[in-house]
Structure formats: C-alpha cells, structure tokens
Amino acid sequence: MNETSSIIKRIKISRIIQETPNAKTFVLDFLDDWRPIYKPGQFITLVFYTKHGEKRRSYSIISAINEPCSFTVKKIDNGEFSRYLIAHVKVGDILFSSGINGLFRLPENINEYQQYFFLAAGSGITPCFSMIKTILINSNASVVLIYSNKNEEDVIFHLQLKKLKEHYKDRFVIHFLFSYILDVYRSRLSKWLLQQLLDEYLTVPANDALFYMCGPFEYMRMINITLLERVAAKNIFKENFITLPRLVIPKPPDVDAHIVTIKINDKTHTLKVQYPLSILATAKANKIELPYSCEAGRCGSCVATCTKGKIWMAYNEVLTDDEVEKGRVLVCQGYPIGRNVEIVF
C-alpha cells in the first residue's frame, strides 16, 4: 500500500517490552497529525494488507491517561497477526490503524461506584489493566482483580500488578488463580469459587459495584450466569476477543431494500441496502469507508446512531438496552426496516 486513506492512519512503534515469553507490549507514536483521544478499556484496530486482501484485528490499549499509548499482544498458536507482531515487528516499524474504539469502559464518573471487580483470564487482563490503574490513581474506590492463568510465567503485567498492590494495599486486592495448582480455592474459576470470592471480597451491596470480565467464551458465560444471581445486568460488562465470523445471518422482519443515508467525517453517503448485505457490507461493496473490526457484533468498532427510521440488528453483544433505546446501532449487523433510515458516526 502506497498511501493511507482518510480513515487509515499510520502509527510507529517507539518501544517494545517483553511482558512474558509469549506476550509483548508495543508503545506507539502517532503519525499523520493523528492525536486520538481514548478511554481506558478501549482498543486500537490495526489494518493489515495481505495477499488475500485487507484484514483487521483489534488490540486492547493498556495505558492509563497521561501514559504513552501502548497495546499488548499475546501470541496465539493459530493467530496469524499475533504471531507476526510478536516475531517480526521491530522498533521503528510503521503499522496502520483504522482508529480507537470500544464500549468496555468505566463510567464517566468513576467515583459513582465504591467498588470495581475485574475478572480476567490470560490476555483478558489487557483491557482491564488500564481501567484498574485509572481507578486507583483517580478515585477512592476499591478494586478486586481475580486473574486466571496456567502458571506464574504466563501472568502478563505480573510485576506491575504487584507494585500497584503494594502502593494501594488498602484498596487493591488481587486473587491469582493458576490451573496447575491442585487446590479448588486457587485453581480454576468455577461457579462455586466465584460465589466464595464474592462473599469474601465484596464490601458493598452488589448493585453498588461494577463488574468487568474478559476471557474465553465459556469462562465469561459462567461468570455472567453466576453474577446475574446477585447483580443487575446493567452492572456487568464484558469484552470479547473472538474474531470468528457469524455462520448464520438471521432474516430481519423486513427484507425489502431501503435507502440508508450515512453521515461521517463531514461527508454524506447514500446507499440502497437490502438483506442479506448489512449496512457495513453494502458500504464496503461501494468503497465507502466506515469504522469496523470484527464484523460480528462483538467489538463495537462500527457503532453509530440512527437518527431517522429504524435499524434491526442480527447480533449485538456490546450495546446495552439503554443504548439501543437511544438509537445506537452496530452497522455490521444492521439492516434498515420499515422505511429509509439515517445514521450518524
């Protein structure tokens, strides 16, 4: 690729930190007069240009406010781009990004809640790390981290977490779990163990705390089911790293073609959208650049606001009911129904 588009920006690797044998942190310099504003818990989407076309992958930003923007990658055995980043990217290399997004975030007023629970497995610590630092530095709230790994060697940010625990000993609790240990209280997280840990560490009424989770699908499903027995759904947040496409596209209640007007970056585009192509798929086919990453309704990169008409979503794993009520939609899963619609990024 010889030049970037208006949406794609260049980033330069200024430093690389070896976190574990299989994980590295990449510290960034932003180029092209790009000075993004990001919030703890969000991710940066990298764009890779391969012989099979453009591919996008998102990586969690680990920086608290006023720290250099950095993201951490753990090598996955079958991960095409995680292996490339770990094995080949060097200081000074230029990468491409479509932006910073994500709805896995802290409330606007972090002092609104007295306690925050984080449940992470493996590289699931990456979006949680920036939020943990932000809460400890900028509020009086207490933080509990329940962090699952195979063994101590796999713990990303092990030293940094221990330093935070020492510095904020009255407000920060870490409960490490290692699957190799033959002790049900210190090994794998289960429904029973999570209940025990909540009883031990929860110091406020459950609905006065917020709960954030990130890890494998089965891990998060178990946590979500367990928490819902004692915590309101609006107090539970999850970040999903799954990049697999949806195999089934449900039919919307209206499969007729409708006009979609898209407003983005001071430009207006008009498209005719009809099932089975979503708004995003139609835009891509017409070479209209919109933000996106997973294309499966899991990450929130493509979120926009529907200002006219109605958009039906096939899948949605990130927007809350309140956000949907306010017109927020995922265009990768969105289809206009009933009449023509307008969306704004």
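Modeller: Start with a term: a salt bridge here is a side-chain nitrogen of Lys or Arg within 4 Å of a carboxyl oxygen of Asp or Glu. The model is predicted, and every value below is computed from it.

Biologist: How many salt bridges does a search of the whole structure find?

Modeller: The search finds 13. Three of the residues involved, Arg246, Arg298 and Glu317, are linked in a network.

Biologist: Which partners does Glu317 have in that network?

Modeller: One is Arg246, whose closest N and O atoms with Glu317 are 2.7 Å apart. Arg246 sits in the loop between strand E11 (236-239) and strand E12 (258-264), and Glu317 in the loop between strand E14 (303-313) and helix H7 (321-325), so this salt bridge ties together parts 71 residues apart in sequence. The other partner is Arg298, and there the closest N and O atoms are 3.9 Å apart. That pair also links distant parts of the chain, with Arg298 in the loop between helix H6 (279-285) and E14, 19 residues from Glu317.

Biologist: Are these three residues buried or exposed?

Modeller: The cut-offs matter here: buried is under 20% relative accessible area, exposed is over 50%, and partly exposed is in between. Arg298 has 9% and is therefore buried. Arg246 has 22%, which means partly exposed, and Glu317 has 26% and is also partly exposed.

Biologist: What would a salt bridge between exposed residues look like in this model?

Modeller: Take Glu166 and Lys169, whose side chains meet at 3.1 Å, N to O. Glu166 has a relative accessibility of 51% and counts as exposed. Lys169 counts as exposed too, with 54%.

Biologist: Now the opposite case. Which side chain of opposite charge is nearest to the buried Arg171?

Modeller: Asp170 is the nearest, but it is 7.6 Å away, and Arg171 has no salt bridge. When a charged residue is buried like this, look for polar atoms of the backbone as well. Here the backbone oxygen of Ala141 lies 2.6 Å from a polar atom of the Arg171 side chain.

Biologist: Where is Arg171, and what does it touch?

Modeller: Arg171 is in the loop between helix H3 (158-167) and strand E9 (172-178). Leaving out residues up to four places away in sequence, Arg171 touches Ile135, Leu136, Ser139, Asn140, Ala141, Ser142 and Val143.

Biologist: Staying with E9, what is in contact with Ile174?

Modeller: Ile174 lies in strand E9 and counts as buried at 11% relative accessibility. Beyond its neighbours within four places in sequence, its contacts are Leu145, Leu161 and Lys165. Separation in sequence and distance in space are separate readings: Ile174 and Ile156 are 18 residues apart in sequence and 13 Å apart in space, C-alpha to C-alpha.

Biologist: Next, the helices. Why do residues three or four places apart point the same way?

Modeller: An α-helix has 3.6 residues a turn, so such residues fall on a common side. In H1 (residues 80-88), the buried residues are Phe81, Ser82, Leu85 and Ile86. They cover an arc of only 130° around the axis, which puts them on the same side of the helix. Ala87 and His88 are exposed on the other side of H1.

Biologist: What covers the buried residues of H1?

Modeller: The cover includes strands E2 (23-30), E3 (43-50), E4 (53-60), E5 (70-74) and E6 (94-101).

Biologist: Which residues are buried in helix H5?

Modeller: In H5 (residues 217-227) they are Tyr219, Met220, Met222, Ile223, Thr226 and Leu227. Seen down the axis, these fall within an arc of 160°, so they line one face of H5. Their cover includes strands E7 (115-121), E8 (142-149), E10 (209-214) and E11, and also helix H4 (191-201).

Biologist: To finish, how should the overall dimensions be read?

Modeller: Compare the radius of gyration with that of a compact globule. For 345 residues the globule would have a value near 20 Å, and the protein has 21 Å, which agrees. The C-alpha trace spans about 55 × 45 × 35 Å along its principal axes. The protein has seven helices and 16 strands, and 53% of its 345 residues are buried. Of the contacts with a separation of 6 or more, 66% are between residues 24 or more positions apart.

How values were computed
Residues are numbered from 1 along each chain as its sequence is written. This is a predicted model: local features need pLDDT of at least 70, side-chain atom pairs count only at pLDDT 80 or more; totals for chains, interfaces and linings use all residues. Side-chain values use heavy atoms; hydrogens and water are left out. Buried means under 20% relative accessible area, exposed over 50%, partly exposed in between (1.4 Å probe, protein chains only). Helices (H or I, at least four residues) and strands (E, at least two) are DSSP runs, numbered from the N terminus. The arc is that of the directions from the helix axis to the C-beta atoms. Contact means heavy atoms within 4.5 Å. Lys and Arg count as positive and Asp and Glu as negative; His and the chain ends are not counted. A polar contact is a pair of N or O atoms within 3.5 Å; within protein, one must be able to donate a hydrogen and the other to accept it, and residues adjacent in sequence count only if both atoms are side-chain atoms. The radius of gyration is taken over C-alpha atoms; the globule rule is 2.2 Å times the number of residues to the power 0.38.
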